[in-house]
Amino acid sequence: MAPRNKKNLRVCRVCHHVVEGESCMTCGSTNLSEDWAGYLYIVDPKNSEIAKKMNIDMPGRYALKVR
Ligand SMILES: [Zn+2]
């Protein structure tokens with residue numbers, strides 16, 4: 001399910017996690033982008049081919065592309 005207000009969401013350029021705040025809760029980075037595409041919700045990273053390709057090892061919300 002895609003977020004209703006995508007404009008308020010930013011994505012961490014380091015780990016591609018979707019962030020709702022001033023810094024990434026996963027890696028602590030403040031290098032965030034509002035220009036992203038491809039909303040991903042990873043439930044089970046160990047059984048997800050996309051998660052493996054993106055080196056995601058935690059469940060959560062991610063963006064496929066971040067500019
Ligand atoms: Zn991050």
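This report walks through a predicted model, from its overall layout to its zinc site and side-chain pairs.

## Ground rules

The model is predicted, so local features need pLDDT of at least 70 and side-chain atom pairs count only at pLDDT 80 or more, while totals for chains, interfaces and linings use all residues. Numbering starts from 1 along each chain as its sequence is written, and side-chain values use heavy atoms, with hydrogens and water left out.

## Overall layout

The chain has 5 strands and 1 helix, and starting at the N terminus the order reads β-β-β-β-α-β. Both kinds of element are DSSP runs numbered from the N terminus: helices are H or I with at least four residues, strands are E with at least two.

Of the 67 residues, 30% are buried. Here buried means under 20% relative accessible area, exposed means over 50%, and partly exposed is in between (1.4 Å probe, protein chains only). The accessible surface adds up to about 4900 Å², with 49% of that belonging to carbon and sulfur atoms; the areas come from the Shrake-Rupley method with a 1.4 Å probe, and for residues only the protein chains shown count as cover. As for contacts (heavy atoms within 4.5 Å), take those with a separation of 6 or more: 39% of them join residues 24 or more positions apart.

## The zinc site

Four cysteine sulfurs hold the zinc ion: the SG atoms of Cys12, Cys15, Cys24 and Cys27, at 2.3 to 2.4 Å. Donors are N, O and S atoms within 2.8 Å of the metal (3.2 Å for Na, K and Ca), and since water is not among the atoms, sites may look incomplete. Along the chain, the donors of the zinc ion are spaced C-x2-C-x8-C-x2-C. Cys15 sits in the loop between strand 1 (10-12) and strand 2 (18-19), and Cys27 in the loop between strand 2 and strand 3 (32-33), so this pair ties together parts that are 12 residues apart in sequence. Cys27 is partly exposed, at 38% relative accessible area.

The angles subtended by the 4 donor atoms run from 102 to 123°, which makes the arrangement around the zinc ion tetrahedral. Four donors get that label if all angles lie between 85 and 135 degrees. For reference, the ideal angle for four tetrahedral donors is 109.5 degrees.

## Salt bridges

The whole structure contains 4 salt bridges, each a side-chain nitrogen of Lys or Arg within 4 Å of a carboxyl oxygen of Asp or Glu. One of them pairs Glu22 with Arg10 at 3.2 Å, N to O. Glu22 is in the loop between strand 2 and strand 3 and Arg10 is in strand 1, 12 residues away. Glu22 is exposed, at 62% relative accessibility.

Another pairs Asp35 with Arg67 at 2.9 Å, N to O. Asp35 lies in the loop between strand 3 and strand 4 (36-42), and Arg67 in the segment after strand 5 (60-66), so the bridge ties together parts that are 32 residues apart in sequence. Asp35 is partly exposed at 40%, while Arg67 is exposed at 58%.

## Around the helix

Lys52 and Glu49 also form a salt bridge, at 3.6 Å from N to O. They are 3 residues apart in helix 1 (residues 49-53), so about one helical turn separates them. Lys52 is partly exposed at 46%, and Glu49 is exposed at 53%.

Ser48 belongs to the loop between strand 4 and helix 1. This serine is buried, at 15% relative accessibility, and its side chain reaches the backbone nitrogen of Ile50 at 3.4 Å.

How values were computed
Tetrahedral: all angles 85-135°; square planar, octahedral: opposite > 155°, others 65-115°. Polar contact = N/O pair within 3.5 Å; in protein donor to acceptor, adjacent residues only side chain to side chain.
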